[in-house]
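Me: I'm new to this one. Could you walk me through it?

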Amino acid sequence: MIPGKYRSVSGRAANNVNCGLHLVIQTSSLPEKSKVEFKLNKETPSFPGRLLQHDLERNYSSRQGDHINLASSSMPSFPILQRSSEEKILYSDRLTLERQKLTVCPIIDGEEHLRLLNFQHNFITRIQNISNLQRLIFLDLYDNQIEEISGLSTLRSLRVLLLGKNRIKKISNLENLKSLDVLDLHGNQITRIENVSHLCDLRVLNLARNLLSHVDNLNGLDSLTELNLRHNQITFVRDVDNLPSLQRLFLSFNNISTFESVCCLADSSSLSDITFDGNPIAQESWYKHTILQNMMQLRQLDMKRVTEEERRMASVVAKKEEEKKRESHKQSLLKEKKRLTINNVARKWDLQQHRTPNIATNQDTKVSDSPSQDPSQLHGSAVVSAFPEETGSLDSGLTSALQGLSVTDTHLVEVDGDTLSLYGSGALESLDRNWSVQTAGMVTTVSFTFIEFDEIVQVLPKLKMKFPNSLHLKFKETNLVMLQQFNALAQLRRVDQLTIDPQGNPVVNFTLWKYYVLFRLSHFSMQKINGTEVTQNDMIMAERLFGILAHVASSELPQYRLISILGDARKKQFRYLLETKGKKPGLVNEDNNDSKRLVGENTNRATLNYTTRDFYNERLEEIKEKKKFCKMYMEDLVKEATDINMKNEALQKLWPQMFIELVRDAVIEIRNKNSYMKLCLQQITDQK
């Protein structure tokens, strides 16, 4: 009798299966006298000691085949196997024909009661001539040359089918083997799992050492407890979470590189033993912690028992990873919000410039944090690219979160390392904030984008005061259209580098614009313009080209304006002397270059200034008001003078008559001396 379980076969039974067995195999075309005798050695073992476990793909070690003596070298048609009645009684339910150099399955006549049949280590290319063995439970065809699973449709009682180390390329023709308990197909050429969903009683499936690239189509294998997929080319796993009884899964030596490709394993509540050794994923530092955190029910990982300490450490690491993931999600959300906002700023800018809205989709820009954020916390933020096509790569959670974002922001501010980036005119208001000393001191580069240059000019004094170490200015989409605008930069503390992006700045189309910048800002000793080093020859050429311009401008300037400019220069020099007074010599020397720049601006160049359109319009309005006031004042003076003159002329005409009347009244009044005295006394009394 065959044992009810197929995990192992008794060694004693295996050794006694064919002791002293004398078989006679007769071909269907030979007469009785041409019998061929097969003699089996007493030492021949029939089956391995540990059968059907996860290492079934290994060759059965140290096995010696049956010794067969053939009477004839040529055997046409199929050989017929017959046993004596004594042998049938002694080994009634099992037959071993391993290592017999068989190329075909012999016809087994009169053995319908067989339950175990072993064809290991032969050269059989096709399964046939066993359809009459309908009581067969155990069929072993390990290590043959079979290319197709066939000839098994009548073996409805078959429980164990061993087809390892053959040439099978496809799983097929197992429809009638619904009682199958163990299926071993290791060491073949199978490329996909298929046609097994009906095997609801299957407990062990061995597909090691095949050509599988993925795992799926496992639905329906409700009894499967062990699945061996070692030594394949698997990159991802699916459907394993739908196996309610699976306990052991062996995925060693495949191409699994991420946990996401096997994440369905985390949903399995029955898995207790799993292996990933030999995969790229097993080389990652997060490997063990991630597996244990997501598969809390595991008792063994890579054939090693999982301890409680390992679980605890995995939990700690998982919490940290979750925090990192949340932070990453937050950064992704912020990145997308910034992208939307910068596109909104660009759209508004295009509308202001009376251009067709055409948002640049290939900007490689750094965008800001929310303007309401504390500036001291902005530094060190991530660099963000404004690529609308990136939206397609966002996960569903991030996409849903973005639905609540406001894209009405019209300005952006960011401090990224040593760079302050300003987008939109509203960003200029950030210069009024209380920037931390550390953050303000770090900023050496200031970038302006989508801001009118005239608006920038108005905040240059604030920029010089808030960010004293700013050395590099960048302008993009700022409407720099004429050389005169560069004059405004002279009021800064220091400029070592200047970058004018051609986009939105037509001034760079002028051939001599760089030379004018070098001439007007020569007191800064500029080092780079648009990334190109400034040479001494450049400075000489700038002086030759524009030196006469400064002379003409200063000679045509009114005297009061020249006095005002000279006064400003003296103020700068005086301030420099005050700042350096009392400092240590070393410190003074360090500041010498900057201070020389402050007082080194040539007076002729200083006459080349720039007045913004708004400031010019304000001055015009102010001048108009002054003119109006002066006109009214002069009109009032003229009117008053006219009135005085008219009165004078009238007085000259009336004066002779008035004089006669005055003399007459005086004479009449004092003619009676006593009366006049009384009158005077009376007036004096009334006054008291």
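Reply: Sure, one term to begin with. Buried means under 20% relative accessible area, exposed means over 50%, and partly exposed lies in between (1.4 Å probe, protein chains only). At 5% relative accessibility, Asn188 counts as buried.

Me: Is this an experimental or a predicted model, and how are residues numbered?
Reply: This is a predicted model, where local features need pLDDT of at least 70 and side-chain atom pairs count only at pLDDT 80 or more, while totals for chains, interfaces and linings use all residues. Residues are numbered from 1 along each chain as its sequence is written, and side-chain values use heavy atoms, with hydrogens and water left out.

Me: Back to Asn188. Where is the place of Asn188?
Reply: Asn188 sits in the loop between strand 9 (182-184) and strand 10 (204-206). Strands (E, at least two residues) and helices (H or I, at least four) are DSSP runs, numbered from the N terminus.

Me: Which backbone nitrogen does the side chain of Asn188 reach?
Reply: That of Asn166, at 3.2 Å. The backbone nitrogen of Arg167 also lies 3.2 Å from a polar atom of the Asn188 side chain. A polar contact is a pair of N or O atoms within 3.5 Å; within protein, one must be able to donate a hydrogen and the other to accept it, and residues adjacent in sequence count only if both atoms are side-chain atoms.

Me: What else is Asn188 in contact with, leaving aside its neighbours within four places in sequence?
Reply: The list includes Leu163, Gly164, Ile168, Arg209 and Asn210. Contact means heavy atoms within 4.5 Å.

Me: Zooming out. How many helices and strands are there?
Reply: The protein has 14 helices and 24 strands. Of its 688 residues, 41% are buried.

Me: What order do the strands take in the open sheet?
Reply: The order is 4-6-7-8-9-10-12-14-15-16-17, so 11 strands in mixed pairing. Two strands pair if DSSP finds at least two bridges between them. Strand 4 (94-96) and strand 17 (304-305) stand at the edges with a single partner strand each, so one side of each has no neighbour in the sheet.

Me: In which sense do strand 14 and strand 15 pair?
Reply: Parallel, over 3 bridges. Arg248 has Asp273 in strand 15 as its bridge partner.

Me: New topic. How many residues has the largest nonpolar core?
Reply: It has 68. Phe119, Leu139, Leu249 and Phe276 are among those with the most contacts inside it. Helix 3 gives the most to this core, with 3 residues. A second, separate core has 49 residues, including Ile456 and Leu498. A nonpolar core is a set of buried Ala, Val, Leu, Ile, Met, Phe, Trp, Tyr and Cys residues joined through side-chain atoms within 4.5 Å.

Me: And how many aromatic pairs?
Reply: A search of the whole structure finds 10. Phe276 and Tyr287 have ring centres 6.2 Å apart and planes at 90°, so they are edge-to-face. Phe276 is in the loop between strand 15 (273-275) and helix 3 (287-294), and Tyr287 is in helix 3. Rings of Phe, Tyr and Trp (its six-membered ring) pair if their centres lie within 6.5 Å; planes under 30 degrees apart count as stacked, over 60 as edge-to-face and the rest as tilted.

Me: Are Phe276 and Tyr287 buried or exposed?
Reply: Both are buried.
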